[in-house]
Amino acid sequence: MQEFIYRPNDNGTYAVVGYQGDEANVRIPDTYGGGIITIVGDKLFSGHTEIESVSIPDTVTDIGEFVFDGCVNLRSIDLPADLECLWGYTFVRCGIEEITLPDKLVTLPPFAFKDCKNLRKITCGKGLKKIYAWVFSGCDSFEELIKNEIVEVSERAFDTKELNT
């Protein structure tokens, strides 16, 4: 069973803001009510340990915070080609091992992959310009970052110390 909850955006598109399901392989629809899906809302799949793969339609441009938090069995994710924005903590504590970022994504925000203990490899898209501090904090298995020479990587991107508040 997969059931999504939608919210209309001001521009006639929709955001996916809720999920109820128990399937290992999840596919977010690309349309709802005649409009395209452009936003994946905060915490959408948070705590869904049964999820192993997620397919997000190419219409999505924004993925919110904590979307995959605690999805420890997540191994495969199809990120949308039109993705422009990830918010902080998007993949925190998930089981992803490798990921390829789309070409339209410009930055990786702080803590995007925090505590992804299985993460080994990221291939950056052509448009990536900056990787912020603490993006890979707690990624103990991380081995390979494939990027072009223009990507600015914060000297604290791999820092595992907790941020003082």
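**View 1. A buried cysteine, C94, opens the tour.** C94 is buried, with a relative accessible area of 4%; buried means under 20% relative accessible area, exposed over 50%, and partly exposed in between (1.4 Å probe, protein chains only). The model shown here is predicted: local features need pLDDT of at least 70, side-chain atom pairs count only at pLDDT 80 or more, and totals for chains, interfaces and linings use all residues. Residues are numbered from 1 along each chain as its sequence is written, while side-chain values use heavy atoms and leave out hydrogens and water. The closest cysteine sulfur to that of C94 belongs to C116, at 3.9 Å, too far for a bond. C139 is buried as well, at 9% relative accessibility, and its sulfur is 5.1 Å from the closest cysteine sulfur, again in C116, which is too far for a bond. With a disulfide defined as a pair of cysteine sulfur atoms within 2.5 Å, the count comes to zero.

**View 2. Here is the largest nonpolar core, with 45 residues.** Such a core is a set of buried Ala, Val, Leu, Ile, Met, Phe, Trp, Tyr and Cys residues joined through side-chain atoms within 4.5 Å. The residues with the most contacts inside this core are F45, I56, F68, F91, L108, F113 and F136. Strand 1 (2-8), strand 2 (14-21) and strand 5 (35-40) are the elements that give two or more residues to this core, and strand 2 gives the most, with three residues. Helices (H or I, at least four residues) and strands (E, at least two) are DSSP runs, numbered from the N terminus. Now look at L108: leaving aside its neighbours within four places in sequence, its contacts include L86, L101, F113 and F136, where contact means heavy atoms within 4.5 Å.

**View 3. Two stacked ring pairs tie loops together.** The structure holds 15 aromatic pairs. Rings of Phe, Tyr and Trp (its six-membered ring) pair if their centres lie within 6.5 Å; planes under 30 degrees apart count as stacked, over 60 as edge-to-face and the rest as tilted. F68 and F91 are stacked because their ring centres are 5.3 Å apart and their planes stand at 5 degrees. F68 lies in the loop between strand 7 (62-63) and strand 8 (76-78), and F91 in the loop between strand 9 (85-86) and strand 10 (98-100), so this pair ties together parts that are 23 residues apart in sequence. F68 is buried at 0% relative accessibility, and F91 is buried at 0% too. F111 and W134 have ring centres 5.8 Å apart and planes at 10 degrees, so they are stacked. Both F111 and W134 are buried.

**View 4. Strands 11, 13 and 15 form an open sheet.** The order is 11-13-15 and the pairing is parallel; two strands pair if DSSP finds at least two bridges between them. Strand 11 and strand 15 (152-153) stand at the edges, each with a single partner strand, so one side of each is left without a neighbour in the sheet. Strand 13 and strand 15 pair over two bridges, and I131 stands opposite V153 in strand 15.

**View 5. Two loop residues have a positive phi.** Most residues other than glycine have a negative phi. Y89, in the loop between strand 9 and strand 10, has a positive phi of about 65 degrees and is partly exposed, with a relative accessible area of 26%. D115 lies in the loop between strand 11 and strand 12, and its phi is near 60 degrees.
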